[in-house]
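Trainee: Could you walk me through reading the contacts in a model like this one?
Mentor: Sure, let's look at it together.

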Number of protein chains: 2
Amino acid sequence: MTDSPKNDVSVAADEKKIPKAVIKRLSLYSRMLQELEHKNITKISSKELSDLLGMNPAKVRKDLAYFGQFGVPGLGYYVSELKAQIKRILRTDREIRVALIGVGHLGQALLAYGGFLRQSFRVVAAFDTSPDKIGRTFNGVKVMSTEHLEDQIRTLGADIVVLAIPAENAQATVDQVVRAGIRAILNFVPARIVCPEAIKVHYVDLGIELESLSYYLKD
Amino acid sequence: MTDSPKNDVSVAADEKKIPKAVIKRLSLYSRMLQELEHKNITKISSKELSDLLGMNPAKVRKDLAYFGQFGVPGLGYYVSELKAQIKRILRTDREIRVALIGVGHLGQALLAYGGFLRQSFRVVAAFDTSPDKIGRTFNGVKVMSTEHLEDQIRTLGADIVVLAIPAENAQATVDQVVRAGIRAILNFVPARIVCPEAIKVHYVDLGIELESLSYYLKD
DNA sequence: TCTATCTTGTGACAAAATTCACATACTAAT
DNA sequence: ATTAGTATGTGAATTTTGTCACAAGATAGA
Ligand SMILES: NC(=O)c1ccc[n+]([C@@H]2O[C@H](COP(=O)([O-])OP(=O)(O)OC[C@H]3O[C@@H](n4cnc5c(N)ncnc54)[C@H](O)[C@@H]3O)[C@@H](O)[C@H]2O)c1
Ligand SMILES: NC(=O)c1ccc[n+]([C@@H]2O[C@H](COP(=O)([O-])OP(=O)(O)OC[C@H]3O[C@@H](n4cnc5c(N)ncnc54)[C@H](O)[C@@H]3O)[C@@H](O)[C@H]2O)c1
């Protein structure tokens, strides 16, 4: 760690395989650092950061160690610098183009969500099959027909698709956006989605979260 | 496994500590079994079930083994019976009383969500601070003021609170529902919540899911 | 009844994630 | 400068989670 090759912090770590959970925590750190920066806090230790997030300090350090050395012994981390590094790692230092498919109850909530557009994310399109929705504008985003979905996704250069449609239509729509070359999907539909390995799918499953809470109600 | 004491299937397994992930998967199995039952499929093997869910068959068996022996060697599992057993384990064989706090964009989507009321879950109350919301009815649920939140939660016998309010109000509201004796919280607010160990909190963090997807967009 | 064929349930193994604990390195203050 | 104090980064230990592989139990057909 004095002058070994992997001391080169500017290189994204393709070297090892990074656990999925580490990436999620990086995102968590990023948000907390944002808050700290906003409060004009300039430096923070792994201990303090982990206390704020309710976790273990060594885990924070280990997580960061996957990508380089960002801290200063005896001091901790500089908030702004660490935030910038994490954003670079997560690639949220650029604009991420999001397409929403399904502008029903959930889709509308998502469009209304300030944090959705927050910082790097930009909703470049919203699609729906219903004539009731097509042409309407929600929070500045105009709803389009799914007729030319595949072409539109391609043309708009969407990076991520957010899926909020009924379960029975999910797989067909996934097939379309996969053909359109999308590489990441945030799926709110409570159904398994089959697609090529290379495409990253994150499931958000409200039903599971709620139902599994029930288990812990036992006295 | 012939006549050991733990062969008693009717006892909920307090014996070992059950991993959180196991409980979530149980809920996943439950939903899939529901679908299978609906399609009049009467039996299924761990292999078939795991294929449907995109996972490993041994994991299915191990998960179930925490709670007893539900299968028939050479045959598999009887769908209805297994479903009933899992629901018993998850305690979704009774009514679960849910209180929603925060009837904004997200809260309204949740109220509209059929799957929310699905089966065992019943929304017994919705609360909001805004006069614009109080008194209005969404999907059959009337919005109440938070003025007597603590008493109401107690009186209504809510089991689970779903939190969908702005981050800055989250902790104060949590403190209230904790005092009211709630034991489980489904938290949509992107902020850490501090409460007694005994209370189970599940976080659903859309921001993290979206942001962490960004990482995988690297070519 | 016997046999061939399944599939379970689980002990043993492997992998992954988390936590510990400390040598090392920097700060800050005298 | 020197020193006392502090926090990093990381091997090693531990805990947790997932997979393998197979003996044993059950089916189904002859
Ligand atoms: N509402 C919630 O709180 C909630 C929570 C968790 C999960 N979900 C899931 O999210 C999905 C959407 O839920 P919702 O409550 O918004 O439903 P919804 O019925 O309100 O909205 C679905 C929308 O999708 C549109 N649609 C249908 N097929 C489409 C297609 N092929 N392409 C584009 N648009 C299409 C419909 O016209 C409708 O506007 C469902 O799968 C649901 O299970 C919803
Ligand atoms: N909308 C989304 O898609 C979405 C997605 C993920 C997370 N979230 C999070 O969910 C929360 C709610 O989001 P939203 O978009 O519905 O916001 P919103 O502003 O539309 O709704 C918030 C509602 O909470 C009410 N409220 C405020 N303080 C309250 C209190 N102390 N008790 C009861 N009610 C109170 C407000 O009157 C309002 O009706 C936020 O923390 C947000 O970050 C929203």
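Trainee: Which residues are closest to DNA strand C?
Mentor: A residue is near a strand or molecule if one of its heavy atoms lies within 4 Å of it. Here 26 residues surround DNA strand C, with Ser46(B), Arg61(B), Gly71(B), Gly74(B) and Tyr77(B) the closest. This is a predicted model: local features need pLDDT of at least 70, side-chain atom pairs count only at pLDDT 80 or more, while totals for chains, interfaces and linings use all residues. Residues are numbered from 1 along each chain as its sequence is written, chains are lettered from A and ligands numbered from 1 in the order in which they are written, and side-chain values use heavy atoms, leaving out hydrogens and water.

Trainee: What polar contacts does Tyr77(B) make with DNA strand C?
Mentor: A polar contact is a pair of N or O atoms within 3.5 Å. A polar side-chain atom of Tyr77(B) sits 2.8 Å from a phosphate oxygen of the strand, and one of Arg25(A) is 3.0 Å from a phosphate oxygen. For Gly74(B), a polar backbone atom lies 2.8 Å from a sugar or linking oxygen.

Trainee: And where does ligand 2 lie?
Mentor: Between chains A and B. Of its 24 surrounding residues, the nearest include His105(B) and Asp128(B). A polar side-chain atom of His105(B) is 2.8 Å from a ligand oxygen, and a backbone N or O atom of Leu106(B) is also 2.8 Å from an oxygen of ligand 2. The protein covers 84% of the 820 Å² of accessible area (Shrake-Rupley, 1.4 Å probe) that ligand 2 has on its own.

Terms used:
A polar contact is a pair of N or O atoms within 3.5 Å; within protein, one must be able to donate a hydrogen and the other to accept it, and residues adjacent in sequence count only if both atoms are side-chain atoms.
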